[in-house]
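Student: I would like to learn how to read a model of this kind, feature by feature. Could we go through it together, with the general idea placed ahead of each case?

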Amino acid sequence: MTARTTLAEIVSCLSDFDPKAVPVDRAREAIERFVVPVDCVERVAIRSALDRVLARDVVSPIDVPAHDNSAMDGWAVRSADLQAGADTTLNVVGTAYAGVAFGGPVGAGEAVRVMTGAVMPAGCDTVVIQEVVRREGERIVVPPGQQAGQNRRLRGEDLTAGRAALRAGRLIRPADLGLLASLGIAEVPVQRRLRVAFFSTGDELRSIGEPLDAGCVYDSNRYTLFGMLTRLGVELVDLGVVPDSREALEAAMLAASRNADAIVSSGGVSVGEADFTREVMDRLGEVAFWTIAMRPGRPMAFGRVGDAWYFGLPGNPVAVMVTFLFFVRDALIRLSGASPRPVLALRARSVGRLRKRPGRTEYQRAVITPGADGVLEARITGSQGSGVLRSMSEANALVVLHHAQGDVADGELVDAIPFDGLI
Ligand code: AMP
Ligand code: MG
């Protein structure tokens with residue numbers, strides 16, 4: 001695992017890249033260019049492949065479905081028998097069930113009762129739904145207006161033998177598990193799980209179980225990080241709280257870089273503390289300190305320590321979550337060997353005015369609900385201080401006020417990213 005180029009080289013290729021005022025998109029771009037995916041393949045049973053990254057294309061060994069079959073309960077007929085403008089009377093010659101085919105070929109003027117999923121009887125090409133057919137003893141009467149080939153699923157229409165059913169790099173989801181099962185595949189090659197080490201920095205931090213001394217706070221970032229990393233399906237290495245000392249920070253960084261593919265820390269990158277972190281990093285690897293034009297978030301460090309990629313997030317609890325969502329999450333997905341799907345925004349009507357300064361991206365915590373007229377409404381959840389975790393806990397979305405955007409009027413439409421399931 002080696003980086004193709006240095007971070008300094010990559011950043012120098014990005015024109016006008018000013019580390020003191022980095023727009024969100026530029027920071028994402030620099031990170032995207034720098035990270036190199038792991039490549040170490042293991043085979044797992046398909047149930048264990050959920051949320052893993054497929055390492056090789058899966059080629060379909062069979063056609064799915066394997067036979068033409070009925071999409072409805074009804075009657076299999078020969079379209080050539082049907083009269084265009086009048087009722088057609090046909091003789092009933094048998095029944096086909098799902099899994100129990102009708103034996104013989106079907107001749108002119110004949111029909112077979114079929115259930116959904118039954119193999120199309122030989123000679124029939126069309127299914128007429130049972131609701132429109134009149135039964136008269138051993139005959140049926142089919143009304144006019146049927147389309148040749150209707151209500152029939154064709155062999156191979158879902159998956160074709162010899163073609164790639166799933167591509168390498170795919171993050172395997174429930175539908176993919178079903179698809180693999182429909183091919184009769186028991187095991188798939190996946191990339192090994194990413195290992196991510198994480199820790200908090202700060203002399204003021206206390207771990208749960210310790211007395212809360214005057215002026216101290218409980219370390220909450222390690223828990224939000226635990227939650228967000230767990231949802232990404234990575235292996236975790238929790239290195240606890242690291243005091244603000246050069247030796248302790250250096251020891252933690254070394255341990256993290258030797259045991260993990262990526263390191264995520266919180267705190268110690270703000271103006272007052274960055275020098276100290278920078279000194280340690282200069283000895284251990286390559287690190288850039290950026291001031292991102294965003295709120296919450298601002299200071300962030302990014303680079304490499306030994307063989308591990310390093311994300312130094314700000315200390316404020318909401319800033320940790322927002323910077324994780326916009327910078328770390330996609331990078332870790334890339335490192336796992338997958339392509340991140342774009343994070344989708346909804347349009348919602350702002351309930352109340354929002355103050356916004358152009359020149360930075362702001363993320364405001366909000367609850368989105370449908371309004372009386374069906375249009376989504378976004379309500380900001382109280383204080384937007386970057387340390388106020390309650391407003392994050394109460395929210396289900398982040399309203400995105402874009403870089404160039406100014407104040408938002410009451411009732412104006414804004415972009416909002418629902419984050420349930422993302423972080
Ligand atoms: P820093 O970025 O280290 O200057 O921290 C900024 C603010 O976030 C300070 O008020 C810290 O006390 C707070 N903070 C830093 N790390 C944590 C943490 N792990 N849990 C809770 N608050 C934190
Ligand atoms: Mg600190």
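Student: What is the handedness of the crossing of H5 and H6?

Tutor: Before the answer, please keep in mind that this is a predicted model. The crossing of H5 and H6 is right-handed, and the residues that make the contact are Arg246, Leu249, Glu250, Met253 and Leu254 on the H5 side, with Phe276, Thr277, Glu279, Val280, Met281, Arg283 and Leu284 on the H6 side. Sorted by class, this contact of H5 with H6 holds seven nonpolar, one polar and four charged residues.

Student: At what angle do the axes of H5 and H6 cross, and within what distance do they come?

Tutor: The axes of H5, residues 246–259, and H6, residues 271–284, come within 10 Å and cross at roughly 45°. Because of that angle, H5 is described as oblique to H6.

Student: Which helices are roughly parallel to each other?

Tutor: The word depends on a cut-off, because angles under 35 degrees count as roughly parallel. The axes of H4, residues 221–231, and H7, residues 317–335, cross at roughly 30° and come within 11 Å, and H4 and H7 are therefore roughly parallel to each other. H4 passes H7 in a right-handed crossing, where Asn221, Thr224, Leu225, Met228 and Leu229 of H4 meet Pro317, Val320, Met321, Phe324 and Leu332 of H7. By class, the contact of H4 with H7 has eight nonpolar, two polar and no charged residues.

Student: Leu332 belongs to that contact with H4; how far apart are Val35 and Leu332 in sequence and in space?

Tutor: Separation along the chain and separation in space are two readings, and it helps to take them together. Val35 and Leu332 are 297 residues apart in sequence, while their C-alpha atoms lie 8.8 Å apart in space. Val35 itself is found in the loop between helix H2 (24–34) and strand S1 (41–45).

Student: Is Val35 buried or exposed?

Tutor: Here a cut-off is needed again, since buried means under 20% relative accessible area. Val35 has 4% relative accessibility, so it counts as buried.

Student: Which protein donors does the magnesium ion, ligand 2, have?

Tutor: The protein donors of the magnesium ion are listed as Glu273 (OE) and Glu273 (OE), lying 2.6 Å from the ion. Glu273 has its place in helix H6, the helix whose axis crosses that of H5 at roughly 45°.

Student: Which peptide bonds ending at a proline are cis?

Tutor: The general idea is that most peptide bonds are trans. In this model a cis peptide bond joins Val64 and Pro65, with omega about -5°, and Pro65 is found in the loop between strand S2 (58–59) and strand S3 (69–70). The peptide bond from Arg295 to Pro296 is also cis, with omega near -5°, and Pro296 is found in the loop between strand S19 (294–295) and strand S20 (299–305).

Student: What is the phi of Asp51, and what is the phi of Arg298?

Tutor: As background, most residues other than glycine have a negative phi. Asp51 has a positive phi near 70°, and its place is in the loop between S1 and S2. Arg298 likewise has a positive phi, of about 30°, although it is not a glycine, and it is found in the loop between S19 and S20. Asp51 is partly exposed, with a relative accessible area of 46%, and Arg298 is partly exposed at 48%.

Technical notes
Residues numbered from 1 in each chain as written. Chains lettered and ligands numbered in written order. Predicted model: local features only at pLDDT ≥ 70, side-chain atom pairs only at ≥ 80, totals over all residues. Heavy atoms only, no water. Axes fitted to C-alpha atoms, helices over the stretch in contact; angles between N-to-C directions. Helix = DSSP H or I, 4+ residues; strand = E, 2+ residues; numbered from the N terminus. Parallel < 35°, antiparallel > 145°, perpendicular 65-115°, else oblique. Left-handed = near helix turned anticlockwise from the far one by under 90°. Contact = heavy atoms within 4.5 Å. Nonpolar A, V, L, I, M, F, W, Y, C, P; charged D, E, K, R; others polar. Donors = N, O, S within 2.8 Å, 3.2 Å for Na, K, Ca; no water. Buried < 20%, exposed > 50% of the residue type's maximum accessible area, 1.4 Å probe, protein only.
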